[in-house]
Amino acid sequence: MLHPIARREHPLGILWRQRLALSCAATLARQGGRSEDAATLRDHWYLRRDGDDPGPAGQPPLLAAHLKRGDFR
């Protein structure tokens, strides 16, 4: 069973889920034969400018963010 903070929109729960997703992305990158680690993936995502193409690995998080905001265009 998950702690209630991890299940809700509490800032610590959000942070924990983001760290877990980053760890999973780094593992998938390694399994795919890529050399990027978690820090590189994090920096690439958060240091990009608005409108920059995040590349194939960044498309799913970008799509999820649009859907969360309700941007269905």
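**View 1. Surroundings of A26 in helix α2.** At 4% relative accessibility, A26 counts as buried, because the limit for that class is under 20% relative accessible area. This residue of the predicted model lies in helix α2. Once neighbours within four places in sequence are left aside, the residues in contact with A26 are E36, D37, A38 and L41. For one of these partners, A38, the separation from A26 is 12 residues in sequence, while the two C-alpha atoms are 5.1 Å apart in space. For the protein as a whole, buried residues account for 12% of the 73 residues.

**View 2. The crossing of helices α2 and α3.** Helix α2 spans residues 11-31 and helix α3 spans residues 38-46, and their axes come within 9 Å of each other and cross at roughly 115°. That angle makes α2 roughly perpendicular to α3, and the crossing of the two helices is right-handed. Two packed helices are described by the angle between their axes together with the distance between the axes. In the wider setting, the secondary structure of the protein consists of four helices and zero strands, which read along the sequence as the pattern α-α-α-α.

**View 3. Residues at the contact of α2 with α3.** On the α2 side the contact is formed by Q18, L22, A25 and A26, which meet A38, L41, R42 and Y46 of α3. Sorted by class, the residues of this contact comprise six nonpolar, one polar and one charged. The charged member is R42, because Arg counts as charged, and the polar member is Q18, because Gln falls among the others in that classification. Both A38 and L41, listed here on the α3 side, are also among the residues in contact with A26.

**View 4. The salt bridge between R42 and D43.** A search of the whole structure finds two salt bridges, and in one of them R42 is paired with D43, the closest N and O atoms being 3.2 Å apart. R42 counts as partly exposed at 36% relative accessibility, and D43 is likewise partly exposed, with a relative accessible area of 34%. R42 also belongs to the set of α3 residues that meet α2.

**View 5. The salt bridge between R34 and E36.** Here the side chains of R34 and E36 meet in a salt bridge with an N to O distance of 2.8 Å. R34 has 53% relative accessibility and therefore counts as exposed, the class that begins over 50%. Its partner in the salt bridge, E36, is also one of the residues in contact with A26.

**View 6. H44 of helix α3 and its spatial relation to P54.** H44 has its place in helix α3 and, at 48% relative accessibility, counts as partly exposed. H44 and P54 are separated by 10 residues in sequence, and the distance between them in space, from C-alpha to C-alpha, is 8.0 Å.

Definitions and conventions:
Residues are numbered from 1 along each chain as its sequence is written. This is a predicted model: local features need pLDDT of at least 70, side-chain atom pairs count only at pLDDT 80 or more; totals for chains, interfaces and linings use all residues. Side-chain values use heavy atoms; hydrogens and water are left out. A salt bridge is a side-chain nitrogen of Lys or Arg within 4 Å of a carboxyl oxygen of Asp or Glu. Buried means under 20% relative accessible area, exposed over 50%, partly exposed in between (1.4 Å probe, protein chains only). Axes are lines fitted to C-alpha atoms, for helices over the stretch in contact, and angles run from 0 to 180 degrees between N-to-C directions. Angles under 35 degrees count as roughly parallel, over 145 as roughly antiparallel, 65 to 115 as roughly perpendicular and the rest as oblique. A crossing is left-handed if the near helix is turned anticlockwise from the far one by less than a right angle, and right-handed if clockwise. Contact means heavy atoms within 4.5 Å.
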